[in-house]
Structures are given as C-alpha cells and as structure tokens.
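Hi,

Here is the structure I promised to pass on. Have a look at it first, and my notes follow underneath.

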Amino acid sequence: MRHSSKVMVWSVVLVTIVMILFSSLFSDTAANWSLWIVLASVVLVGIPHGAIDHIMAEKIYGLDASWRGRALFYGMYFGLMILVGGLWLIQPVLGLLFFFAISIYHFGQADMEDFLTHESSGFTWYITRGLFIIGLIVFSDTTVSYPIMAKAVNTDAAAISHLLPDAGVMLSFVTVIYGSVFFYAWLTNRLQNGMRFLADSLLLTALFLFTGPMIGFAVYFALWHSAGHVFEMQRYLGEQNEPMSLLQFYKSAAPFTLISLAGLALLAAVNHAFGMEEQFIALMFILISVLTLPHMVIVDKMYGEAGS
Ligand SMILES: CC1=C(/C=C/C(C)=C/C=C/C(C)=C/C=O)C(C)(C)CCC1
Ligand SMILES: [Fe+2]
C-alpha cells in the first residue's frame with residue numbers, strides 16, 4: 001500500500017481493524033450489509049480511481065487534445081472493453097480466468113510499488129502478490145465467493161467446488177508460496193520496508209479470514225488498491241508540475257464515474273425487471289472486469305514511465 005502520509009496509513013489500519021471487529025462481533029449484520037459495503041467501495045473509490053485514466057493517458061502517451069489524440073485513446077479504451085465483454089459472452093469461463101489473470105497482475109503491481117527495491121524487475125513479485133490477494137478473495141469463504149463466480153459463468157456453486165481443491169488446502173498453498181517467494185526476495189535484497197510488508201501481509205490475511213470475500217474485498221479495493229493508486233497518480237502528476245488535489249481528482253473523475261454508474265443502474269433495472277436480483281453482484285463483477293483491462297494497460301505504462 002502506498003499512501004501519502006503516516007496519518008493515512010494508520011487510518012487504513014484502524015478502519016481495517018474496526019471492520020474485523022464488526023464482522024466478528026456482529027456477523028449477521030455484517031453479512032446483510034456486505035453487498036452495500038462492496039457497492040460503497042466500488043462507487044466511492046473503485047470506479048473513480050479508473051475514471052481519470054483519460055487524463056493519465058494524455059500525459060503518459062503525450063496525446064494532444066486533437067481529435068486524432070482523443071480518437072486514439074477512446075478507440076483503444078473501448079476496443080479493449082468490447083474485447084473483454086465479447087470474451088464473457090462467447091466463453092464465460094475464459095472471461096472469468098482472464099479477469100483473474102489481469103486482476104492478479106494489476107493488484108500485484110500497485111501493491112508492490114512501495115516494497116520493491118529499484119534493481120528488481122517486477123513481474124514475479126507482482127504475480128506472487130496478486131495470486132495471494134485473489135487467493136484470499138476466492139478462498140476465504142467459498143460459500144460466498146463460489147455462488148457469485150458460478151452466476152457469472154452460468155453454472156452452480158457445486159460445480160465449482162467439485163472442480164477446485166478444498167479451500168483450506170488452496171489457502172495454505174497460496175500462503176506458503178507467498179511466504180517463501182517473499183522470504184527469498186527479502187534475503188536477496190529485493191524487498192524494502194520489509195517489516196511494513198510483513199505487517200501489511202498479516203493485516204490483509206486477518207482482514208479476509210475474519211470478514212470474508214465481500215467486506216475483505218471492499219476494504220482492500222477502496223483503501224489499499226484504489227486510494228494507493230490515487231496517491232500514486234498525484235505523485236506522478238506532481239512530478240510533471242501539474243499537482244492534483246483530492247477535490248480536483250473527484251471533479252475529473254466525475255464524468256466517467258457517472259457514466260459507469262448509469263451503466264450499473266441500467267443493469268440493475270434490467271435485472272429487476274426480469275426478477276433476477278441475485279445476479280446483480282455477478283453483473284457488477286463483469287462490469288468491473290470489462291473496465292479493468294484498458295485501465296491496467298494505462299496504469300502499467302504509468303509505472304513504467306515513473307521508472308520505479
Ligand atoms: C471472486 C470474487 C470477487 C472478485 C473481484 C475481483 C477479482 C475484482 C477485481 C478488480 C480489479 C482488478 C480492479 C482494478 O482496478 C468479488 C466481487 C469480491 C466477490 C466475491 C467473489
Ligand atoms: Fe486499479
């Protein structure tokens with residue numbers, strides 16, 4: 001997690017601990033609220049963090065404000081969205097696997113920004129970190145995660161649990177891989193802020209084990225991934241002598257956030273009309289995946305440019 005100040009870091013720790021206590025002490029209420037907590041995370045921070053991609057792209061690719069520059073960006077962005085949407089339509093299982101693959105890379109890349117020394121090239125560490133996060137999301141409570149994944153690929157949860165090894169085995173497996181790979185990274189001086197990385201990993205593990213995939217994801221996505229990302233973009237723009245305040249960030253993010261939310265509302269309305277409320281989270285899941293690929297491409301370029 002990269003955050004701009006100590007106060008931010010401690011606020012994230014505090015919120016995480018409060019959510020862990022809330023889920024443990026009031027587990028029924030937490031379960032009832034979890035969909036709303038995910039929605040709040042996605043709407044208030046998750047979608048806005050991707051909704052300034054057009055501004056980032058302008059800087060990163062040096063696109064000018066000409067029609068040609070704009071057409072290039074939106075053509076690329078929507079083209080990639082349609083590609084992912086098409087994959088979901090034609091081969092939902094591949095759509096799901098592809099989404100997990102890009103989530104692993106994208107989550108891992110953003111998370112490791114603060115913890116890798118400059119000499120180490122990132123890919124292995126990104127993938128290891130991302131695998132751990134997705135492992136926690138998928139296997140921390142499969143009674144919650146499997147039905148959502150099943151809906152997205154038109155099957156039932158039993159089929160998924162039949163296909164995959166036991167969740168406890170999978171969790172231990174990803175934890176052992178994560179632990180050993182990063183122990184090696186630490187031994188070979190590829191890790192910096194090692195103690196903070198350890199604390200960060202333990203806190204995230206506790207978060208998912210105590211709160212499950214929904215609240216765990218909501219907290220991670222808003223406070224680790226998206227907030228960290230916003231600070232990273234602020235740093236990048238600051239280096240380009242174009243500092244961006246938080247208010248400016250939300251203003252710039254407003255148009256595409258609202259368009260995405262309108263899309264989500266449309267999906268919800270169509271679903272409601274067909275009496276398929278429980279599909280909603282699966283649809284939101286697919287919507288996020290469609291938005292993630294172009295976003296990932298731009299963010300990857302940003303990290304490459306920042307040269308970290
Ligand atoms: C499996 C699973 C989930 C996974 C969500 C993922 C994988 C989101 C990735 C988002 C990305 C990469 C955003 C980029 O900025 C949910 C919805 C928490 C619900 C429980 C089951
Ligand atoms: Fe992101």
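What is the mean pLDDT of the protein chain? Keep in mind that this is a predicted model. The mean comes out at 90, and 96% of the residues reach 70 or more. Helix α3 (residues 53-60) has the lowest confidence, with a mean of 86, while α6 has the highest, at 97. For the complex, the predictor gives an ipTM of 0.93 and a pTM of 0.92.

Now the ligand. Ligand 1 is surrounded by 16 residues, and the closest are S103, S145, P213, F217 and T292. Five helices each supply at least two residues of that shell: α5 (92-112), α6 (123-139), α7 (142-152), α10 and α12 (280-306). The largest share, four residues, comes from α12. As for character, ten residues of the shell are nonpolar, six are polar and none is charged.

Then the inside of the protein. The largest nonpolar core has 56 residues, and the ones touching the most other members are L136, L207, F217, A218, V219 and Y220. Helix α10 (residues 194-239) gives this core its largest share, 17 residues. So F217 turns up twice: it is one of the closest residues to ligand 1 and one of those core residues with the most contacts to other members.

If you want one residue to click on, try V219: leaving out residues up to four places away in sequence, V219 touches V15, T16, M19 and L207. Another core lies apart from the largest one; it has nine residues, including M112, F115, W125 and F197.

Cheers

Terms used. Residues numbered from 1 in each chain as written. Chains lettered and ligands numbered in written order. Predicted model: local features only at pLDDT ≥ 70, side-chain atom pairs only at ≥ 80, totals over all residues. Core = buried A, V, L, I, M, F, W, Y, C linked by C-beta atoms within 7 Å. Buried ≥ 20, exposed ≤ 12 C-beta atoms within 10 Å, placed from the backbone. Contact = placed C-beta atoms within 7 Å. Near = placed C-beta within 6 Å. Nonpolar A, V, L, I, M, F, W, Y, C, P; charged D, E, K, R; others polar. pLDDT = per-residue confidence, 0-100.
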